[in-house]
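User: Please go through the model shown here and explain how its parts are arranged, giving the criteria behind each term.

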Amino acid sequence: MTDQSPKTHPVPNDWDRRGLPAWTYHSDAMFELERDHLFLNHWQLACHVNDIPAPGDWRSFDLLGERAVVVRGQDGVVRAFHNLCRHRGARVVDGAAGHCKGAMICPFHGWVYNLDGSLRGAARPETFGDMNRADFGLKPIEMEVWQGFVFLRFLPGSQSSVAECLQPYNADFTDFRAAGVLPAGKPGFWGRTAVNWKSVCDVDNEGYHVALAHPSLQELYGRSYTDIFHENGLFQSNATYGDRPGRTWSVRNYVALSPLQPWLPPRLQRAWNYYGIFPNTVFIFTPESVQFYAELPISQNETVMSSGLYRQPDETRETRVARYLGNRIDRHTSAEDQQLTIWSNESMKSRAFDGFHLSDLEYGVRRHHDKLRALLPVMRLDHPPPEAEVARINAEMLGKP
Ligand code: FES
Ligand SMILES: [Fe+2]
């Protein structure tokens with residue numbers, strides 16, 4: 001390899017280096033538009049099919065007032081429903097994950113649902129007149145399983161199928177045997193942070209900060225880090241390690257102990273690859289693990305990260321040790337990023353803040369913002385419109401060619 005400096009491509013010669021205006025990070029009206037036009041109508045990652053291996057196993061997924069349950073039926077089929085009892089709307093399952101024996105029983109009045117979502121029966125059915133059970137099954141949610149991962153969409157949207165959107169990643173996911181990975185830990189919800197979700201993305205969508213903010217990553221792979229942009233807002237980063245031993249404990253041991261995985265093609269054997277999915281999800285593949293995390297907004301100034309960690313079914317003891325060390329590096333990275341998101345988000349409230357001035361190495365930030373601007377053109381306004389006008393102006397701008 002000749003060139004050992006970080007790279008980002010393709011980047012145009014001349015581009016607008018500004019970021020989104022600060023007001024878009026602190027507006028309730030803006031956030032309402034993002035909820036309906038970005039989060040609820042775009043594919044969201046709920047879990048992996050192997051998180052729910054047996055009939056009756058379920059995982060929940062809540063997002064901005066909507067709540068889903070993904071459950072495996074008696075027939076082995078995975079289905080997704082609104083976690084909303086058809087009687088009075090209680091949660092039919094409660095918590096992040098669990099198992100129901102043969103049926104889901106609503107904890108409020110005891111309506112019983114089969115694992116395929118159909119209503120088996122209401123408690124005291126004679127008190128409902130001539131109610132037709134067939135009309136009261138759990139409502140299905142649009143779902144697609146791709147490479148073993150379960151994606152949901154709460155509202156109809158313009159994105160094509162998950163398989164089509166993520167086609168550029170298909171070969172790597174197949175080579176990584178993503179469809180067959182097993183959970184390596186409990187479902188995670190971590191890092192509830194008082195920031196707008198876009199501030200988390202902004203930190204995540206560039207590698208310019210790695211050199212200074214992530215000393216361990218820089219040591220591990222900083223020389224080879226490369227961002228690659230694909231269609232549909234996909235944002236991939238590749239980096240390889242192993243060309244030098246590393247100084248810090250975790251990196252030194254990880255580089256020394258990470259065993260070569262002969263089943264992986266050479267391009268993935270000594271690589272950490274990141275696969276970003278618009279608008280809010282990232283997968284991380286290392287030779288030892290498959291991970292994902294997603295920014296799930298709660299309000300315009302609060303974000304929670306959901307995450308999952310998976311391993312290969314035939315993991316050796318050596319690989320398990322390397323996975324532990326790799327995750328240790330990754331945990332430090334997350335903590336470092338969290339602080340950066342807080343600072344970035346705070347700056348948006350300062351009257352002295354003049355906006356971003358982005359490097360070519362931060363073109364990924366601009367690209368993400370451009371996708372957002374295309375969906376929500378009101379974000380193009382430099383100055384905040386009155387809150388009550390945001391939705392109307394956005395609709396008007398969308399109507400313009
Ligand atoms: S709300 Fe579910 S049984 Fe009443
Ligand atoms: Fe980072």
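**Helix crossing and a small sheet**

Analyst: H4 and H9 are oblique to each other, a class left for angles that are neither under 35 degrees (roughly parallel), nor over 145 (roughly antiparallel), nor 65 to 115 (roughly perpendicular). This is a predicted model, in which local features need pLDDT of at least 70, side-chain atom pairs count only at pLDDT 80 or more, and totals for chains, interfaces and linings use all residues. Residues are numbered from 1 along each chain as its sequence is written, while chains are lettered from A and ligands numbered from 1 in the order in which they are written.

User: At what angle do the axes of H4 and H9 cross?

Analyst: Axes are lines fitted to C-alpha atoms, for helices over the stretch in contact, and angles run from 0 to 180 degrees between N-to-C directions. The axes of H4 (residues 197–204) and H9 (residues 317–347) come within 9 Å, and their crossing angle is roughly 120 degrees.

User: Which residues of H9 make the contact with H4?

Analyst: Residues are in contact if their C-beta atoms, placed from the backbone, lie within 7 Å. On the H4 side the contact is made by Ser199, Val200, Asp202, Val203 and Asp204, and on the H9 side by Asp337, Leu340, Thr341, Ser344 and Asn345.

User: How many helices and strands does the chain have?

Analyst: Helices (H or I, at least four residues) and strands (E, at least two) are DSSP runs, numbered from the N terminus. Counted in this way, the secondary structure of the chain comes to 11 helices and 19 strands.

User: Which strands stand at the edges of the open sheet of S2, S11 and S10?

Analyst: The order in this open sheet of three strands is S2-S11-S10, with antiparallel pairing, where two strands pair if DSSP finds at least two bridges between them. Each edge strand has a single partner strand, so one side of it is left without a neighbour in the sheet; these strands are S2 (44–48) and S10.

User: Which residue of S11 stands opposite glutamate 142?

Analyst: S10 (residues 142–146) and S11 (residues 149–153) pair in the antiparallel sense over five bridges. They form a hairpin with two residues between them, and glutamine 147 in the turn has a positive phi of about 55 degrees. Opposite glutamate 142 in S11 stands arginine 153.

User: Which residue of S11 stands opposite glutamine 44?

Analyst: S2 and S11 run antiparallel and are joined by four bridges. Opposite glutamine 44 in S11 stands leucine 152.

How values were computed:
Contact = placed C-beta atoms within 7 Å.
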